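Hi,

Here is the model I promised you. Have it open while you read, and my notes follow below.

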Amino acid sequence: VQTRIIDGNPIARTVRQGLRQRVEALRALGCVPGLAVVLVGENPVSRIYVRNKIKACAEIGVYSPQVDLPANATEADLLGRIRGLNADPAIHGILVQLPLPGGISGQRVVESIAPHKDVDGFHPCNLGLLAIGQPRFVPCTPAGVMKILEHEEIPVIGKHAVVVGRSNIVGKPMALLLLQSGATVTICHSKTLDLTEQTRRADLLVVAVGKANLVDKEAVKPGAVVIDVGINRLSDGSLAGDVNKHSVLGIASRLTPVPGGVGPMTIAMLLANTVLAAERSLSEQRVATRT
Ligand SMILES: NC(=O)c1ccc[n+]([C@@H]2O[C@H](COP(=O)([O-])OP(=O)(O)OC[C@H]3O[C@@H](n4cnc5c(N)ncnc54)[C@H](OP(=O)(O)O)[C@@H]3O)[C@@H](O)[C@H]2O)c1
């Protein structure tokens, strides 16, 4: 097989173009979508992520104030700021950049965000809605993977999908979305005894672990679609996914590269969730003023 490498950049660009039009329509009605990006401390990688998110917002006309807290901020400080953002009508989405400094409970912070402003989709309410097939906000990375599958016209119904990784932010919601779309889903993790045997059964293999070269050609069924979510910094400073790209070339029918595959989709879907939050808030306002 000739492996087709799926470039996520043009797909993300198409998503962003569609969003720009929706932002213009909202602005014409007097509503500027707002995403608050909260950063605690000085983690240099987090700073880069936050800068990229704010830049992407600006490009489509989304207002995105950065809310900075010092590295020694307490959990109470952060919860106080989130309370303010929950109550702020100019803010439709709230994103707290992870990881948080030690001493702050990520779970309590996520639970403090108003569910209708939880554009990351990490609040238990939103993950629960996803689990019952009534999603409100879908976590951005798995949503981006679904968008890639849709754009590439990759069939999901009736296929055997194997997801490696079971985190609440990637693996679990990914498996739920594939299940909802009609795939038969297997979820693998660090306690899976026969990983290669499991992944070899996949028509569609999604790997979200964070270990370079975890998956090679032995682990891939000929013709399978392979989606590599992993991001690993190698000792030479370069980035790699969880899949050994050279090994699976000629085996997989399609493969997302790292960087440039799933990564660009994640920010695009964050923007999509923010625009959706603003649209919902505007339509609720209109219902409220009518009654
Ligand atoms: N492209 C993007 O935009 C994007 C976005 C988010 C994350 N990522 C990347 O995706 C990867 C996963 O992120 P995450 O937040 O889900 O990570 P995580 O919370 O660390 O979860 C990793 C998962 O992998 C499983 N695992 C660990 N070692 C394994 C092994 N040897 N075999 C099978 N499963 C194994 C773990 O199993 P247990 O549950 O048993 O421990 C866990 O479920 C990371 O590389 C991250 O950087 C990329």
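In what order do the six strands of the open sheet come? The order is β1-β11-β8-β7-β5-β6, and the pairing is parallel. At the edges stand β1 (4-5) and β6, each with a single partner strand, so one side of each has no neighbour in the sheet. In general, the strands of a sheet pair through backbone hydrogen bonds, either parallel or antiparallel. Please keep in mind that this is a predicted model.

**The whole chain**

The protein chain has 10 helices and 11 strands. Its radius of gyration is 20 Å, and a compact globule of 291 residues would have one near 19 Å, so the two agree. Laid along its principal axes, the C-alpha trace spans about 55 × 45 × 35 Å. Of the 291 residues, 47% are buried. If you take the contacts between residues at least 6 apart in sequence, 69% of them join residues at least 24 apart.

On the outside, the chain exposes about 13800 Å², and carbon and sulfur atoms supply 54% of that. As for charge, there are 31 positive and 24 negative side chains, and the centres of the two sets lie 2 Å apart.

**Inside the sheet**

Have a look at β8 (residues 225-228). V225 and I227 point one way from this strand, V226 and D228 point the other way, and all are buried. Note that this includes D228.

β8 is joined to β7 by four bridges, and the two run parallel. If you want to find the register, V206 stands opposite I227, and L205 has V226 as its bridge partner. Towards β11, β8 has two bridges, again parallel. There V225 stands opposite R254.

**Helix α7**

What do the buried residues of α7 pack against? The helix covers residues 171-180, and its buried residues are G171, P173, M174, A175, L177 and L178. They pack against two helices, α5 (124-131) and α6 (140-151), and against the strands β5 (160-164), β6 (184-188) and β7 (204-207). For background, an α-helix has 3.6 residues a turn, so residues three or four places apart point the same way. Just after α7 comes G182, with a positive phi of about 100°.

**Two neighbours in one loop**

The loop between α4 (106-112) and α5 holds F122, and H123 is in that loop too. Are they buried or exposed? F122 has a relative accessible area of 16%, so it counts as buried, the cut-off being under 20%. H123 has a relative accessible area of 10% and is buried as well.

Leaving aside neighbours within four places in sequence, F122 is in contact with L98, V110, L127, P139 and I169. I169 is 47 residues away from F122 in sequence, yet their C-alpha atoms are 6.6 Å apart in space. With the neighbours left aside in that way, H123 is in contact with V110, E111, I113, P115 and D118. V110 turns up in the list for F122 and in the list for H123.

**Backbone points to check by eye**

Most residues other than glycine have a negative phi, and most peptide bonds are trans. Here are some places that go the other way.

- The peptide bond joining L98 and P99 is cis, with omega about 0°. P99 is in the loop between β4 (93-96) and α4, and L98 is one of the contacts of F122.
- From V258 to P259 the peptide bond is cis too, with omega near -5°. P259 sits in the loop between β11 (254-255) and α10 (263-290).
- E153 is not a glycine but has a positive phi, near 55°. You will find E153 in the loop between α6 and β5, and it is exposed, with a relative accessible area of 68%.
- N213, also a residue other than glycine, has a positive phi near 65°. Its place is in the loop between β7 and β8.

If you start with one thing, I'd suggest β8, with β7 joined to it by four bridges and β11 by two.

Cheers

Note on methods: Residues are numbered from 1 along each chain as its sequence is written. This is a predicted model: local features need pLDDT of at least 70, side-chain atom pairs count only at pLDDT 80 or more; totals for chains, interfaces and linings use all residues. Side-chain values use heavy atoms; hydrogens and water are left out. The radius of gyration is taken over C-alpha atoms; the globule rule is 2.2 Å times the number of residues to the power 0.38. Buried means under 20% relative accessible area, exposed over 50%, partly exposed in between (1.4 Å probe, protein chains only). Contact means heavy atoms within 4.5 Å. Accessible areas come from the Shrake-Rupley method with a 1.4 Å probe; for residues, only the protein chains shown count as cover. Lys and Arg count as positive and Asp and Glu as negative; His and the chain ends are not counted. The place of a charge is taken as NZ of Lys, CZ of Arg, CG of Asp or CD of Glu. Two strands pair if DSSP finds at least two bridges between them.
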